[in-house]
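Me: Hi! I have a structure open and would like to talk it through with you. Could you help me find my way around?

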Amino acid sequence: MTRCEELSDLMPEVAAGTLNWSEEQRLHLAACADCGQEWRLVSATRHFGDDLVASLDPSSISAAVLVRLAQDRRSARSRRNWLGGLAIAASISVLIWTGAGSRGHAPLTGPATTQVASQLTLPMAELDSLDTTQLQSVLEGLDQPLGAVASPTVPSLGDLNDLELERVLRSLEA
Amino acid sequence: MTTRTRPDLPDDTALVQTYRAGDERSATELVGRHTAALGRFLYSSGAGRSDVEDLVQETFYRAFRRLDSWRGEAAFRSWLFTIGGNLLKDEHRKRRGRTMLSIDDRDVPDRADPASTLAADETENRLQEGLKILPRLQREVFLMRVQLGSEYAEIARALGTTPGAARVHYHHAVKRLKEMIK
């Protein structure tokens, strides 16, 4: 390795202040135009834009970056929630569709249905205040066919005469 | 090369880990450690003075978003430089397509005594012009070697080349810059 190559390799470290030139190296730099020019280039590059760099404020940069990252996390969360809602809606649609397809046959109690239903989480705040017995009666009500839940005091449409049927129709149209 | 400000402070790798575990102060510490070097690198690579802060912010933002892709093979600072270099390249490409005006606003006077800094400005201008027209790999190897003090092996890992090739790029860059700023 020539003296010029040796100095060239050391220049970044000396410019950074981690090394110092020896007296011999200093003399070479003064005498060798090529090395002198390279040293000026390396020193200038090392201190390039010093005034600009001093004006940068790391704390404001960091704060801005953290705000943007937090916004990203929030958007990602709401995207996930939206997709979750979509998945629930899709599952409900599948359940309704499957239920419609099996109307008149056995109720939906197969293992696949149970698995889908167990994965569903539907928030129903109005049920939160009920105790176990009340919840059980709600469940029983839901499990019964529609006709069975109808109150015995309410007559079916077949029991009405023409005048009463006309009244019912008018009230529905109103 | 791992950057440490004080021996009793955690190194970059430890800070990245604690940030990923949810400690935002680690991100602040990393930004504090590397802002100056990154800003200097971006400015040396051709960014306009008024763009540097935004580019530094964008580089950190992108870095923190994809911390998973930093495996610690290259130093965190070298990795930041590569992200910053890619960002600057994209910005130049976008602006070229949008306007024919110069994006370089280095001539905006922001110093109190222009006469006393004329020579320094002249050298800086010529240096920046020279750096701008270097091939990207030559420029980045040169800047990482001179401004970061990185070894060729470290530069090679960061830029996806070999230490021998990095050394050759460095010497080509020095040769061309010396001719330009004569």
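Reply: Happy to; we can go through the confidence, the two chains, a few helices and the contacts between chains.

Me: Great. What are the overall scores?

Reply: This is a predicted model, and it scores ipTM 0.76 and pTM 0.64.

Me: What is the average pLDDT of each chain?

Reply: Chain A averages 78, with 73% of the residues at 70 or above. Chain B averages 83, and there 82% of the residues score at least 70.

Me: Which element of chain A has the lowest mean pLDDT, and which the highest?

Reply: Helix α8 of chain A, residues 146-149, is lowest with a mean of 51. Helix α2 of chain A, residues 23-31, is highest at 93.

Me: And where is confidence lowest and highest among the elements of chain B?

Reply: In chain B the low end is α5(B), with a mean of 79, and the high end is α3(B), at 96. Keep an eye on residues 99-116 of chain B as well, where pLDDT stays under 50. For that stretch the model has 13 contacts beyond four places in sequence.

Me: Noted. How many helices and strands does chain A have?

Reply: Chain A has nine helices and zero strands. Chain B has eight helices, also with zero strands.

Me: What share of each chain is buried?

Reply: For chain A, buried residues are 10% of its 174 residues. For chain B, they are 38% of its 182 residues.

Me: And how about contacts between residues that lie far apart in sequence?

Reply: Take contacts between residues at least 6 apart in sequence. In chain A, 45% of them join residues at least 24 apart. In chain B, the figure is 67%.

Me: Let's look at the inside. Which residues have the most contacts within the largest nonpolar core?

Reply: Leu42(B), Val141(B) and Ile155(B) do, in a core of 55 residues. Helix α2 of chain B, residues 24-44, gives the most to this core, with eight residues.

Me: What is Leu42(B) in contact with, leaving aside its neighbours within four places in sequence?

Reply: Its partners are Ala47(B), Val52(B), Leu55(B), Val56(B), Gly84(B) and Leu88(B).

Me: Tell me more about α2(B). Is it mostly covered or mostly open?

Reply: Mostly covered: 15 of the 21 residues in α2(B) are buried. Its end C-alpha atoms are 30 Å apart, which agrees with the 30 Å that 21 residues should span at 1.5 Å a residue. There is also a kink of about 45° in α2(B), centred on His34(B). Just after this helix, Gly46(B) takes a positive phi of about 120°.

Me: And α3(B)? You said confidence was high there.

Reply: Yes, its mean pLDDT is 96. Helix α3(B) covers residues 52-65 and reaches 20 Å from its first C-alpha to its last, close to the 20 Å expected.

Me: Why would you call α3(B) largely enclosed?

Reply: Because ten of its 14 residues are buried, α3(B) is largely enclosed by the rest of the structure. Among the buried ones are Val52(B), Leu55(B), Val56(B), Phe60(B) and Phe64(B). Val52(B), Leu55(B) and Val56(B) also appear in the contact list of Leu42(B).

Me: Nice link. Over to the interface: how many residues of chain B are in contact with chain A?

Reply: 30 residues of chain B are in contact with 25 residues of chain A. On the chain B side, α2, α3, α5, α6 and α8 each supply at least two residues. The largest share, eleven residues, comes from α2(B). By class, that side has 14 nonpolar, nine polar and seven charged residues.

Me: One last thing, in chain A. Where is Cys35(A), and why does it count as buried?

Reply: Cys35(A) is in helix α3 of chain A, residues 33-46. It counts as buried because it has 20 C-beta neighbours inside 10 Å, and the cut-off is 20 or more.

Me: What does Cys35(A) touch, not counting residues up to four places away in sequence?

Reply: Cys4(A), Leu7(A), His28(A) and Leu29(A). Cys35(A) and Leu7(A) are 28 residues apart along the chain, and their C-alpha atoms are separated by 7.6 Å.

Notes. Residues numbered from 1 in each chain as written. Chains lettered and ligands numbered in written order. Predicted model: local features only at pLDDT ≥ 70, side-chain atom pairs only at ≥ 80, totals over all residues. Helix = DSSP H or I, 4+ residues; strand = E, 2+ residues; numbered from the N terminus. Expected span 1.5 Å × (residues − 1). Buried ≥ 20, exposed ≤ 12 C-beta atoms within 10 Å, placed from the backbone. Contact = placed C-beta atoms within 7 Å. Core = buried A, V, L, I, M, F, W, Y, C linked by C-beta atoms within 7 Å. Nonpolar A, V, L, I, M, F, W, Y, C, P; charged D, E, K, R; others polar. pLDDT = per-residue confidence, 0-100. Bend = angle between axes of the 7 residues up to and from the residue.
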